[in-house]
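This report examines one protein chain and its ligand. The ligand surroundings come first, followed by the domains, the strand pairings and selected individual residues.

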Amino acid sequence: MSTTNPLVEAFNQTAYPVIGHGKRNVSVLIEALEQIDPELDSDNYGSGEVIERFQAQIAQYLGKPSAVFFPSGTMAQQIALRIWCDRKGLKKVAYHPLSHLEIHEEQGLQELHQIESILLADKTRIIRLEDVVNLKEDVACVLLELPQREIGGQLPEYEELEAISSYCREKGIKLHLDGARLYETLPYYQKTAEEICSLFDSVYVSFYKGIGGIAGAMLAGDEEFTKESKVWKRRHGGDLISLYPYILSAEYYFNERKDKMGLYYEAAKELADFYRACRALEVRPQVPVSNMFHVHVPLPKSKLEPILISVYQDTEVGLTANLKENGEHACYYEVSLGDRYAKIPKAKLAQAMKLLDERTADVL
Ligand SMILES: Cc1ncc(COP(=O)(O)O)c(C=O)c1O
């Protein structure tokens, strides 16, 4: 891919990129389809063996009566919230101020469904039971994201999750899980997906984050809920005549990687140890609770970028391709680990982290 961003270019040239599973190129689809029978029939507007088999597998994995494949989580979640609002006759939901719906969906929930959102907690921390209890207005649904991506993938303790779930059930508030990275939380919680999902009325999971597929999502819940979600999928134009390239690749990588989440979690803890030893850097959360964390640097992007590029060139290790500004004088980046991490020689990694420590400490 051609690009003019020097950090992306330098990262792409490293022999040992740290983040993710691999390059997001066409080989991802080719590998997934390699073993597929060319005579296999396509799905057809949401029906057919290809889609129904995978929906049944994921419904069982999540411990829900039924699941529906969607082209995107954005579509699936807006629809889930719409259904819960219609059921209660109340167009209000609550979620985190940094949830995907709030910051990445161009106000789709408000513009397409006229649903009002109430923001729980503040931007720096996860939602707690007291935030839900102290809600000043009634809502149809509370959405929790596990882990909360935009603050480094933080998680509530399991007991708190149980308490939020019981409270919502008692008050007649539906609880929806944004489980874009649900699989990645299982090693920390030491629970099955089914156990966690039993605390929620509806669940969305993704197939291209920790799973590393091309795109696609599943929305799970009771039969009536998923039946209604199919009608909304049709209304949104989400019932493509054929979704099999997404479904077959999602199925392939789900089966490949669902049991590797423990490895990615251990990798994140190990790499966070390296980062914590860098004097100028801060890791959030300090100890990762999934395969991800954020690295905060008290330097503007313009100062950190050349340091990172020099580390990549001197060590062949690529730490990130993407820096985000945090005010004028600081920046941060997301670290999310997958298959690539295990391929990096430890000595190379140690050398890269040592240089990063020295060069960031020097500038400060
Ligand atoms: C937490 C979270 N929720 C929802 C979504 C939406 O997923 P999609 O890209 O499939 O629309 C994302 C995508 O990055 C996400 O990170």
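In this predicted model, the shell around the ligand consists of two nonpolar, five polar and three charged residues. The surrounding residues are S72, G73, T74, H100, E145, R149, D178, A180, S206 and A217. One of them, A217, also belongs to a strand pairing: F70 of strand β2 stands opposite A217 in β8.

**Strand β2 and its partner**

Strand β2 spans residues 66-70, and five of its five residues are buried. In a regular strand the side chains alternate between the two faces of the sheet. In β2, S66, V68 and F70 lie on one side and A67 and F69 on the other, and all of these residues are buried, so that both faces are covered. The strand is joined by five bridges to β8, residues 217-221, and the two run antiparallel.

**Domain organisation**

The chain is divided into domain 1, made up of 6-21 and 260-363, and domain 2, which covers 43-241. Their C-alpha centres are 30 Å apart. Contact between the two domains involves 15 residues of domain 1 and 15 residues of domain 2. On the side of domain 1 that touches domain 2, the elements giving two or more residues are α13 (261-276) and β10 (292-297). Helix α13 contributes the largest share of that side, with four residues. The class composition of this side of domain 1 is eight nonpolar, six polar and one charged residues.

An unreviewed UniProt entry lists residues 39-296 as "domain: Aromatic amino acid beta-eliminating lyase/threonine aldolase". Across residues 39-296 the chain is 43% helix and 16% strand, and the C-alpha atoms at the two ends are separated by 51 Å.

**The four-stranded sheet**

Strand β10 also takes part in an open sheet of four strands, ordered β9-β10-β13-β12, with antiparallel pairing. Strands β9 (282-284) and β12 (324-325) stand at the edges with a single partner strand each, and therefore one side of each has no neighbour in the sheet. Between β10 and β13 (residues 331-336) there are six bridges, and these strands run antiparallel. Within this pairing, H296 stands opposite Y332 in β13.

**Two buried residues**

M353 is found in helix α15, residues 346-363. It counts as buried because 21 other C-beta atoms lie within 10 Å, the cut-off for burial being 20 or more. Leaving aside residues up to four places away in sequence, M353 touches F274 and C278. M353 and C278 are 75 residues apart along the chain, yet their C-alpha atoms are separated by 7.4 Å.

G153 lies in the loop between β5 (141-145) and α8 (158-171). This glycine is classed as buried because it has 27 C-beta neighbours inside 10 Å. Again not counting residues up to four places away in sequence, G153 touches P147, Q148, P288, V289, S290, M292 and F293. By C-alpha position, G153 and L263 are 17 Å apart in space and 110 residues apart in sequence.

**Backbone features in loops**

P147, one of the residues touched by G153, is itself placed in the loop between β5 and α8. The peptide bond joining L146 and P147 is cis. A cis peptide bond also joins R284 and P285, and P285 lies in the loop between β9 and β10.

Q107 and E316 have positive phi values although Q107 is not a glycine and E316 is not a glycine. Q107 occupies the loop between α5 (100-103) and α6 (108-113), whereas E316 lies in the loop between α14 (301-315) and β11 (317-318). Q107 is exposed because 10 other C-beta atoms lie within 10 Å. E316 is partly exposed, as 17 other C-beta atoms lie within 10 Å.

The backbone angles of these sites are set out below.

| Site | Angle |
|---|---|
| L146 and P147, cis peptide bond | omega about -10° |
| R284 and P285, cis peptide bond | omega about -10° |
| Q107, positive phi | phi about 60° |
| E316, positive phi | phi about 70° |

Note on methods:
Residues numbered from 1 in each chain as written. Predicted model: local features only at pLDDT ≥ 70, side-chain atom pairs only at ≥ 80, totals over all residues. Near = placed C-beta within 6 Å. Nonpolar A, V, L, I, M, F, W, Y, C, P; charged D, E, K, R; others polar. UniProt positions renumbered as here; feature names shortened; annotations may be inferred. Buried ≥ 20, exposed ≤ 12 C-beta atoms within 10 Å, placed from the backbone. Pairing = 2+ DSSP bridges. Domains from an automatic or database assignment. Contact = placed C-beta atoms within 7 Å.
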